[in-house]
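Biologist: I'd like to learn how to read a disulfide in a model, and how far to trust the parts around it. Can you walk me through one?

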Amino acid sequence: MRRRGRPILGAFSGLLLGIFLAVDLHLFQVWSLSKSSEIILPGAGLVLGFLLGLRPLFGAKTSRYSSIHRSTDRL
Amino acid sequence: MFVRRSAGALAAAVVITVVVAGPAMAVIDPPNTLGCHGTAVITSKDGKKVAVTTDSQEIKLPREGTVTFEAGTLKPLLNNHGDVSIQFGFLKVKAGAWNSPNLRLAIFVAGSKELPKALKYAPPGKYEVTGEAIGSTGSCTGHFTIVLSGSPLSNPVGVAALVGTLISLVGLGLATRAR
């Protein structure tokens with residue numbers, strides 16, 4: 001059974017995280033809302049979320065289901 | 001009266017936009033051919049005063065209070081218009097605008113203005129304020145940073161942002177799980 005990831009959910013969640021993080025940093029007076037913060041943080045979140053969503057595809061450990069599946073194949 | 005009000009509006013804009021300077025930025029954008037200048041004192045409701053001069057780095061603005069200002073130009077700014085805006089990233093919100101012929105050729109004005117009531121409800125943080133005054137005899141542009149204090153959680157925007165951050169983190173966590 002091929003492991004599948006959730007890159008679209010990851011990208012969407014990452015994008016939202018970037019947007020809300022830009023607002024949080026502004027509210028805590030760490031980084032004022034600016035064109036830079038509104039591009040960099042959501043963009044980075046989108047990319048990071050997409051990559052994290054693909055992570056299951058490249059995971060080294062196999063899932064319990066796939067190891068059971070392989071063992072039944074041998075039988 | 002009309003000219004005084006117009007000059008006062010211009011002066012308020014000049015003061016609000018051009019009196020603060022800091023090591024990282026110039027408040028009055030060059031070239032200042034009109035010679036715009038001014039000073040201000042912001043008095044909060046509890047009597048605390050904030051002086052705004054060319055040495056000010058950032059202005060810690062009280063939520064309520066009065067701005068007492070003196071401002072002027074080296075030569076009259078005829079047929080002038082302008083505005084003061086607050087930058088929220090890509091979004092620019094106009095805080096005020098004016099339009100005046102300045103028929104009395106005013107070059108100096110002093111007065112006082114109340115801070116906008118909406119400031120009480122603004123989320124805390126640093127905001128870039130920009131302004132410009134443009135006329136047939138010249139123009140001035142400027143910018144500075146205002147700091148609004150307060151707890152992020154005391155404002156609905158702050159609460160919504162933190163909740164949104166948590167939900168996004170949950171979504172990100174779910175996205176990393178295999179299916």
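Biologist: Is the disulfide of Cys36(B) and Cys140(B) right-handed or left-handed, and why?

Modeller: Keep in mind that this is a predicted model. The handedness is read from the torsion about the S-S bond, which is about 90° for Cys36(B) and Cys140(B), so this disulfide is right-handed.

Biologist: How far apart are the sulfur atoms of Cys36(B) and Cys140(B)?

Modeller: They are 1.5 Å apart. A pair counts as a disulfide when the sulfurs lie within 2.5 Å, and the structure holds one disulfide over all chains.

Biologist: Which parts of chain B does the pair tie together?

Modeller: Look at where each cysteine sits. Cys36(B) is in the loop between helix 1 and strand 1 (37-44) of chain B, while Cys140(B) belongs to strand 9 (residues 138-148), so the link joins parts 104 residues apart in sequence.

Biologist: Is Cys36(B) buried or exposed? And what about Cys140(B)?

Modeller: Buried means under 20% relative accessible area. Cys36(B) has 4% relative accessibility, so it counts as buried. Cys140(B) comes out at 5%, so it is buried too.

Biologist: Now for confidence: which elements of chain B have the lowest and the highest mean pLDDT?

Modeller: Helix 1 (residues 2-18) of chain B has the lowest, at 38, and helix 2 (residues 156-175) of chain B the highest, at 93. Over residues 1-26 of chain B the pLDDT is below 50, yet that stretch has 75 contacts in the model beyond near neighbours in sequence.

Biologist: And what does chain B average?

Modeller: A pLDDT of 78, with 83% of the residues scoring at least 70. The model itself scores ipTM 0.74 and pTM 0.66.

Terms used
Residues numbered from 1 in each chain as written. Chains lettered and ligands numbered in written order. Predicted model: local features only at pLDDT ≥ 70, side-chain atom pairs only at ≥ 80, totals over all residues. Heavy atoms only, no water. pLDDT = per-residue confidence, 0-100. Helix = DSSP H or I, 4+ residues; strand = E, 2+ residues; numbered from the N terminus. Contact = heavy atoms within 4.5 Å. Buried < 20%, exposed > 50% of the residue type's maximum accessible area, 1.4 Å probe, protein only.
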